[in-house]
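I opened this entry to look up two things: the nonpolar packing and one of the pockets. My notes are below the structure.

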Amino acid sequence: MAKIRYFDAKGDARPQEMKPAAPHSEFLRTGKITRDRAHWLAEERRYLSYREVSEKTGRKLHTAGIKAHQQINGFHRTIQFPKMVFHRTLADSPHLGYCHVTAARTKFARYEEVSWAFYIANFYADIGDNDNFFHHIDIKYSRMYFAVAIKPGEHTPEKMTIDRSIRGNGVLFRTDDPQVAIRNVLLLGARNEQLREIIRQL
């Protein structure tokens with residue numbers, strides 16, 4: 001697959017009519033050679049390195065993670081989650097990435113105690129295996145919110161991996177709707193059925 005090239009769109013922001021004409025067009029029209037550098041550099045684009053793109057993406061993801069954490073912790077004083085915000089960008093597509101927001105343990109359905117982590121991504125995808133975490137990436141959706149069951153990593157460089165013994169694939173929920181995501185995280189964090197019933201009615 002060809003490598004994606006990124007350029008700084010801010011330099012291309014002027015409307016078409018504001019851009020100076022090409023130097024050769026000016027010469028043919030007026031007979032004068034324009035010495036203004038703007039004429040000669042109008043079409044030049046500053047391309048960004050993968051590192052620059054990754055850093056820009058990371059800042060946006062980090063901001064989204066902080067905001068999501070504030071929203072879920074602002075609901076009720078008895079439902080509080082640790083702030084564990086960090087992000088990763090995809091190696092071959094640094095404009096795409098995901099952000100870990102929080103992690104906790106809870107009783108979930110018929111499972112007595114489940115460790116889980118909540119994430120935000122700036123794309124939508126299926127959750128794959130550990131070697132290829134995301135499958136069928138769809139960038140039509142600008143966000144994906146998901147929670148997965150986790151366990152300590154075995155025979156892997158990662159400290160934590162998806163616990164696929166939960167629900168067969170480890171995915172607790174996945175949605176592109178932020179309200180649905182927050183409701184699901186709150187349900188995971190609620191300590192009693194009375195509080196869960198209030199959250200379900202939101």
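These entries go through the cores, then the pocket.

**Entry 1, largest core.** I am working from a predicted model. I looked up the largest nonpolar core and found 26 residues in it. Which members touch the most others? They are Trp116, Phe118 and Leu172.

I then checked where the core residues come from. Three helices each supply at least two: H3 (50-73), H4 (178-189) and H5 (193-200). Strands S4 (93-108), S5 (111-121), S8 (144-152) and S10 (171-175) each do so too. H4 gives the most, with six residues. I also looked at the domains. Domain 1 (46-85) and domain 2 (98-201) each put at least three residues into this core.

**Entry 2, Leu172.** I picked Leu172 and left aside its neighbours within four places in sequence. What does Leu172 contact then? I listed Phe108, Trp116, Ala147, Val148, Ala149, Ile166, Arg167 and Leu188. Trp116 is thus on the contact list of Leu172 and beside it among the members touching the most others.

**Entry 3, another core.** Apart from the largest core lies another, of 19 residues. Its members include Ala117, Met144, Val148 and Ile150.

**Entry 4, second largest pocket.** I noted a volume of about 240 Å³ for the second largest pocket. Which element gives the largest share of its lining? H3 does, with six residues. The full lining is Tyr6, Leu48, Val53, Lys56, Thr57, Lys60, Leu61, Ala64, His95, Asn122 and Arg143. By class, I have five nonpolar, three polar and three charged residues.

Technical notes:
Residues are numbered from 1 along each chain as its sequence is written. This is a predicted model: local features need pLDDT of at least 70, side-chain atom pairs count only at pLDDT 80 or more; totals for chains, interfaces and linings use all residues. Side-chain values use heavy atoms; hydrogens and water are left out. A nonpolar core is a set of buried Ala, Val, Leu, Ile, Met, Phe, Trp, Tyr and Cys residues joined through side-chain atoms within 4.5 Å. Buried means under 20% relative accessible area, exposed over 50%, partly exposed in between (1.4 Å probe, protein chains only). Helices (H or I, at least four residues) and strands (E, at least two) are DSSP runs, numbered from the N terminus. Domain bounds come from an automatic or database domain assignment. Contact means heavy atoms within 4.5 Å. On a 1 Å grid over the protein atoms alone, a cavity is a set of points where a 1.4 Å probe fits but cannot get out, and a pocket is an open set with protein on both sides within 12 Å along at least five of seven lines; lining residues have an atom within 4 Å of a point. Grid points are joined across faces, edges and corners, and a volume is the space filled by probe spheres set on the points. Ala, Val, Leu, Ile, Met, Phe, Trp, Tyr, Cys and Pro count as nonpolar, Asp, Glu, Lys and Arg as charged, and the others, Gly among them, as polar.
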